[in-house]
Amino acid sequence: MKSLEKLIRTIPDYPKPGILFRDITTLLADAKGLKKAIKTLAKRYDDDDVDAVAGIEARGFILGGAIADRLECGFIPIRKKGKLPGKTIGQEYTLEYGVDVIEIHEDAIAEGSRILIVDDLIATGGTAEAAAKLIQRSGGIVVGAAFVIDLPDLGGMKRLEAMGIDGRALVSFEGH
Ligand code: AMP
């Protein structure tokens, strides 16, 4: 089979000039590639007693749901502001221009439960950091953060490390 790296398509100048968009739809469409990615990511947490995966909208839902199934644990969605139907708590994070907010249901996490964060990619780490804060504010313990792709030049993993969170990714791409 093709390596995971080769199954990820790079689309230049999307969503704006200068950005190299790392598109995982080509990986998701490949049966063997998808299985390998999910299996490898999930395996690392086999012995961590994960109670639930918290997936970040939207690609984190696809990967996170499959990882939760493998770990035989629950799944909790972390969504953009205004998308969850119940009572929520929100966390602001900084984007290149301005701020955004992600939310979680206020009753989604039981006190002391062990949560694994999942998203497709970590860049600056702003989104994952906000997700970790939401989980911690809800009384959960972040056991780790799993991504398919790391962009190490943007420092996201270091930001998680500074919070005491172990972040892991399957592939990394240099640059932005
Ligand atoms: P950040 O908060 O900077 O770590 O950005 C991570 C979030 O933005 C993830 O949900 C990614 O899906 C998305 N993202 C950021 N940069 C890229 C990129 N170059 N290609 C694809 N998705 C990206």
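These exercises work through a predicted model of a protein with a bound ligand.

## Exercise 1: The ligand site

Task. Find where the ligand sits, and say which residues come nearest and which elements give two or more residues to the shell around the ligand.

Solution.

Step 1. Start with the place. The ligand sits in the largest pocket.

Step 2. Name the elements. β2 (20-23), β7 (114-122) and α5 each give two or more residues to the shell around the ligand. β7 gives the most, with 4 residues.

Step 3. Go to the residues. The ligand has 14 residues around it. R59, D120, T124, G125 and T127 come nearest.

Step 4. Look at the polar atoms. The side chain of T124 has an N or O atom 2.5 Å from an oxygen atom of the ligand. For the side chain of D119, the distance from an N or O atom to a ligand oxygen is 2.7 Å. A123 uses its backbone: an N or O atom there lies 2.8 Å from an oxygen atom of the ligand.

Step 5. Ask how covered the ligand is. Taken alone, the ligand exposes 490 Å². The protein buries 81% of that area.

## Exercise 2: Helix α5

Task. Check the span of helix α5 against the expected value, then list its buried residues.

Solution.

Step 1. Fix the limits. Helix α5 covers residues 126-137, which is 12 residues.

Step 2. Compare the spans. From first C-alpha to last, α5 reaches 16 Å. At 1.5 Å a residue, 16 Å is expected, so the two values are close.

Step 3. List the buried residues. In α5 these are G126, A128, E129, A130, A131, A132, L134 and I135. The cut-off for buried is under 20% relative accessible area.

Step 4. Recall the helix rule. An α-helix has 3.6 residues a turn, so residues three or four places apart point the same way.

Step 5. Look past the end. Just after α5, G139 takes a positive phi of about 95°.

## Exercise 3: Backbone oddities

Task. Locate the cis peptide bonds that join Y14 to P15 and E57 to A58, then place D13 and D49, which have positive phi values.

Solution.

Step 1. Take the Y14 bond. A cis peptide bond joins Y14 and P15, with omega about 0°. P15 is in the loop between β1 (9-12) and β2.

Step 2. Stay in that loop. D13 also lies between β1 and β2. Phi of D13 is near 60°, which is positive in a residue other than glycine.

Step 3. Move to the E57 bond. E57 and A58 are joined by a cis peptide bond, and omega is again about 0°. A58 belongs to the loop between β3 and α4 (59-71).

Step 4. Finish with D49. The phi of D49 is positive, about 50°, although D49 is not a glycine. D49 is in the loop between α3 and β3.

## Exercise 4: Buried, partly exposed or exposed?

Task. Classify D47, D49, E96, I62 and L154 by relative accessible area.

Solution.

Step 1. Set the cut-offs. Exposed means over 50%, buried means under 20%, and partly exposed falls in between.

Step 2. Do the α3-β3 loop. D47 lies between α3 (31-43) and β3 (52-56). D47 has 72%, so D47 is exposed. D49 has 59%, so D49 also counts as exposed.

Step 3. Do E96. This residue lies in the loop between β5 (88-94) and β6 (99-105). E96 is exposed because its value is 59%.

Step 4. Do I62. The residue lies in helix α4. At 46%, I62 is partly exposed.

Step 5. Do L154. Its place is the loop between β8 (141-150) and α6 (156-162). At 25%, L154 is partly exposed.

## Exercise 5: Sequence and space

Task. Give the sequence separation and the C-alpha distance for D47 and L71, E96 and T124, I62 and P17, and L154 and V142.

Solution.

Step 1. D47 and L71 are 24 residues apart along the chain, and their C-alpha atoms are separated by 9.5 Å.

Step 2. E96 and T124 are 28 residues apart, with 9.6 Å between their C-alpha atoms. T124 is one of the residues that come nearest to the ligand.

Step 3. I62 and P17 are 45 residues apart, and the C-alpha distance is 27 Å.

Step 4. L154 and V142 are 12 residues apart in sequence and 22 Å apart in space.

Technical notes: Residues numbered from 1 in each chain as written. Predicted model: local features only at pLDDT ≥ 70, side-chain atom pairs only at ≥ 80, totals over all residues. Heavy atoms only, no water. Buried < 20%, exposed > 50% of the residue type's maximum accessible area, 1.4 Å probe, protein only. Near = heavy atom within 4 Å. Polar contact = N/O pair within 3.5 Å; in protein donor to acceptor, adjacent residues only side chain to side chain. Areas by Shrake-Rupley, 256 points an atom, 1.4 Å probe, with all protein chains shown as cover. 1 Å grid on protein atoms, 1.4 Å probe; cavity = no way out; pocket = protein on both sides within 12 Å on 5 of 7 lines; lining within 4 Å. Sits in = over half its atoms within 2 Å of the grid points.
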